[in-house]
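Dear colleague,

I am handing over the structure you will find below. My notes on two parts of it follow.

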Amino acid sequence: MLIDRSPGDLPEIAIPLSVPEVGGREWEYVKACLDTGWISSVGAFVDRFEAAMAQAVGVSHAVATVNGTAALHIALMVAGVEAGDEVLVPDLTFIAPANAVRYLGAWPVFIDVDPLHGQMDPAQVADFLERGCERTPDGLRNRSTGRWVRALLPVDVLGHPADLEPLMALAEAHGLALVEDATESLGAEYRGQPVGSRADIACISFNGNKIISTGGGGMLLTRREDWAARARYLTTQAKDDAIEFIHGAVGYNYRLGNVAAAIGVAQLERLPEFVTRKRAIADRYRIALQGCPGLEPLPEATWARSTSWLFTMKVDAEAFGMDSRGLLDFLRKRAIQTRPLWQPMHLSPAHQGCASWHIEVATHLNRVCLSLPCSVGLKESDQTRVIQALHEAHRIGTLK
Ligand SMILES: Cc1ncc(COP(=O)(O)O)c(C=O)c1O
């Protein structure tokens with residue numbers, strides 16, 4: 001089904017949702033690539049970006065990839081997921097992690113999210129593993145599909161970490177790998193530790209709307225040297241002998257290029273500043289929305305220090321006077337870009353026929369949530385415009 005969101009006679013977007021902030025040493029580093037001719041993936045900025053990311057997140061190994069989806073694909077491979085296996089994926093996520101599971105010929109099982117923070121719900125994971133699966137000497141088998149369950153794939157959505165410790169305990173108790181999609185939450189903390197530092201392997205994306213961007217790019221992060229070596233091998237065509245062109249496996253051309261990595265190094269230098277700015281934007285929205293009945297920002301969990309990468313609120317149609325999609329259209333007519341959450345995965349035509357486990361919350365959050373403009377470079381006057389437009393929408397909505 002195609003939804004018509006063509007601009008028609010609408011004004012051009014004046015206040016975008018979240019765009020990259022470029023203004024540090026990107027130019028200097030990219031110029032260094034061009035001046036030296038090192039523009040391919042063997043340039044020094046790739047190694048430098050990996051080392052800086054490993055240090056920033058507090059893991060020993062980082063492997064740069066062309067994008068976050070490629071990082072997920074390879075992470076699942078090195079974690080041992082094979083064709084026909086199943087991987088638990090939250091129902092409310094951008095589609096990439098579910099797609100990465102399918103690239104391997106494996107199957108996602110969609111798990112509901114918690115109602116407060118919209119993250120994969122450990123209680124639902126536990127329920128599925130206990131009641132939906134049977135333990136056998138060879139591993140855990142899904143009772144309804146008969147497939148082996150191999151891994152958990154929590155996704156830290158919207159700048160906020162998933163509740164990792166109960167998921168880690170479940171993974172350990174059931175012999176499952178834990179692959180964390182930390183793509184949207186670089187710079188956030190889980191119980192005082194950087195997001196991406198605790199799972200067996202974590203993935204990051206640096207696409208255009210992420211907190212730091214290389215235009216396109218991704219990274220695998222792990223403490224396991226053997227997994228990092230395998231990931232590096234698979235992302236560079238599985239080359240055993242570079243002179244004789246001998247390849248020991250079917251590999252991938254997934255390595256990040258030097259120009260993108262140069263941008264990444266410059267962006268990463270400013271990550272703490274970007275996180276501070278995102279949080280300040282979120283704080284201002286939170287205060288402003290207190291005076292606007294029916295708009296409720298998603299809260300920060302006790303275990304979390306969120307980056308508020310995408311500031312997201314619930315819209316109570318009755319109290320606010322307009323539902324989330326009505327508000328989206330109202331703001332769009334004022335050239336303000338907002339975004340609902342993703343279509344729940346169990347409803348996605350792309351993943352029709354995949355298994356899911358008692359989904360309710362994800363569908364509700366998809367219906368009521370909306371993310372507001374929160375670029376690092378959002379001007380104070382533009383944020384004021386957004387806040388005023390929200391109040392106006394409430395006034396008009398409750399006049400009817
Ligand atoms: C949660 C999540 N995972 C994976 C990706 C994919 O990253 P990329 O676009 O770099 O392939 C994205 C965003 O695009 C994402 O939001």
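For the helix packing, axes are lines fitted to C-alpha atoms over the stretch in contact, and angles run from 0 to 180 degrees between N-to-C directions. Please keep in mind that this is a predicted model.

Helix packing

Helix H5, residues 122-132, packs with helix H6, residues 164-174, at an angle of about 15°, and their axes are 9 Å apart. Angles under 35 degrees count as roughly parallel, so H5 is roughly parallel to H6. The crossing of these two helices, H5 and H6, is left-handed. On the H5 side the contact is made by Pro122, Val125, Ala126, Leu129 and Glu130. H6 contributes Pro166, Leu167, Leu170 and His174. Sorted by class, the residues in the contact of H5 with H6 are 7 nonpolar, 1 polar and 1 charged.

Strand E10 and its partners

How many of the residues of strand E10 are buried? The strand covers residues 201-205, and 5 of its 5 residues are buried. In a regular strand, side chains alternate between the two faces of the sheet. In E10, Ile201, Cys203 and Ser205 point one way, while Ala202 and Ile204 point the other way.

E10 pairs with strand E7 (residues 177-181) in the parallel sense, over 3 bridges. With strand E11 (residues 218-222), E10 runs antiparallel, and 5 bridges join them. Alanine 202 of E10 appears in both pairings: it is the bridge partner of glutamate 180, and its own bridge partner in E11 is leucine 221.

Regards

Terms used:
Residues are numbered from 1 along each chain as its sequence is written. This is a predicted model: local features need pLDDT of at least 70, side-chain atom pairs count only at pLDDT 80 or more; totals for chains, interfaces and linings use all residues. Side-chain values use heavy atoms; hydrogens and water are left out. Helices (H or I, at least four residues) and strands (E, at least two) are DSSP runs, numbered from the N terminus. Angles under 35 degrees count as roughly parallel, over 145 as roughly antiparallel, 65 to 115 as roughly perpendicular and the rest as oblique. A crossing is left-handed if the near helix is turned anticlockwise from the far one by less than a right angle, and right-handed if clockwise. Contact means heavy atoms within 4.5 Å. Ala, Val, Leu, Ile, Met, Phe, Trp, Tyr, Cys and Pro count as nonpolar, Asp, Glu, Lys and Arg as charged, and the others, Gly among them, as polar. Buried means under 20% relative accessible area, exposed over 50%, partly exposed in between (1.4 Å probe, protein chains only). Two strands pair if DSSP finds at least two bridges between them.
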